[in-house]
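Work through these exercises on charged side-chain pairs. Each task is followed by a solution in steps.

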Amino acid sequence: SIATKDSIHSNILDEDRSLWISLPQGYDEKSEYPVLYLLDGTENIYATYAVIQELSYDLIPAIIIVAINNTKRARDMSPWNDEPKDPRHKGLYKVTQIGGGKKFVSFLEDELIPYIDKKYSTADYRIIAGHSASGLLALYTAIVHYETYQACIAADPSVWYGNGQITNELTEEVQFSRNKIYLGMANWSDLTLAEIKKDTSSGSFFPQANLKLVDKLKSSNYTGLDFDRKYYKEESNFSVPLITT
């Protein structure tokens, strides 16, 4: 067994949410452990657990994994439900099925985190990780709720959702202090990154939005942010979460 099944009732979401809790080997209540909040929990816990086990031998501290399983993924992973402006986005989602991301973030911050902190011996260091749509939600929490999360791992995030509004959240009001963000990008075409920025075909809208966010993160003077990204040209959207983690 790599994890224990748990659940929490959310008054904010008005539903029960199932969890997988993975405690480090040799878990000791006298110690304090960083917590990784893992979105798309059912899909991502196996690979994430393996990576953490391998790295925690001598490269990273032992970590508690809280894997959050989905109910309505599209609803919870997008903070906005605006009609798409880019014609390449038409028909990719229904605005009536998305836009619950802000409420989901409130569930994490006001219900789930206090529950985990009370039940386990946690350190004041939280990581949030997600892939594709949940990668967008992870970035949103890391940028807008930077005081709650100290680190973010975003694997090929769907930055294009909501007309790329996540990039607009990066304002001067964001005061990173000890935050880290890592973004892994998959290969959606055979174009170079420079070519992708100029391409108008349907195959480039996904990485184009990511590159706009990357450029703003790199160009902004956020002295309290440790940011890096990598373009995995041999990886697809489906294979990139493992190597990004």
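**Exercise 1: a pair between helices**

In this predicted model, Lys 197 and Asp 215 form a salt bridge, with their closest N and O atoms 3.1 Å apart. Task: state where in the chain Lys 197 and Asp 215 lie, and how many residues apart they are.

Solution.
1. Lys 197 belongs to helix H6 (residues 193-198).
2. Asp 215 belongs to helix H7 (residues 205-219).
3. The two are 18 residues apart, so the pair links distant parts of the chain.

**Exercise 2: exposure of that pair**

Task: decide whether Lys 197 is buried, partly exposed or exposed, and do likewise for Asp 215.

Solution.
1. Buried requires under 20% relative accessible area, and exposed requires over 50%.
2. Lys 197 has 46% relative accessibility, so Lys 197 is partly exposed.
3. Asp 215 has 35%, so Asp 215 is partly exposed.

**Exercise 3: a network**

Task: which residues are linked in a network of salt bridges?

Solution.
1. Glu 15 and Arg 17 meet through their side chains in a salt bridge of 2.9 Å, N to O.
2. Arg 75 and Asp 76 do so at 2.7 Å, N to O.
3. The network links Glu 15, Arg 17, Arg 75 and Asp 76.

**Exercise 4: burial in the network**

Task: are Glu 15, Arg 17 and Asp 76 buried or exposed?

Solution.
1. Glu 15 has 17% relative accessibility, so Glu 15 counts as buried.
2. Arg 17 has a relative accessible area of 0%, so Arg 17 is buried.
3. Asp 76 has 1%, so Asp 76 is buried.

**Exercise 5: the count**

Task: how many salt bridges are there?

Solution.
1. The cut-off is 4 Å between nitrogen and carboxyl oxygen.
2. The count comes to ten salt bridges.

Conventions:
Residues numbered from 1 in each chain as written. Predicted model: local features only at pLDDT ≥ 70, side-chain atom pairs only at ≥ 80, totals over all residues. Heavy atoms only, no water. Buried < 20%, exposed > 50% of the residue type's maximum accessible area, 1.4 Å probe, protein only. Helix = DSSP H or I, 4+ residues; strand = E, 2+ residues; numbered from the N terminus.
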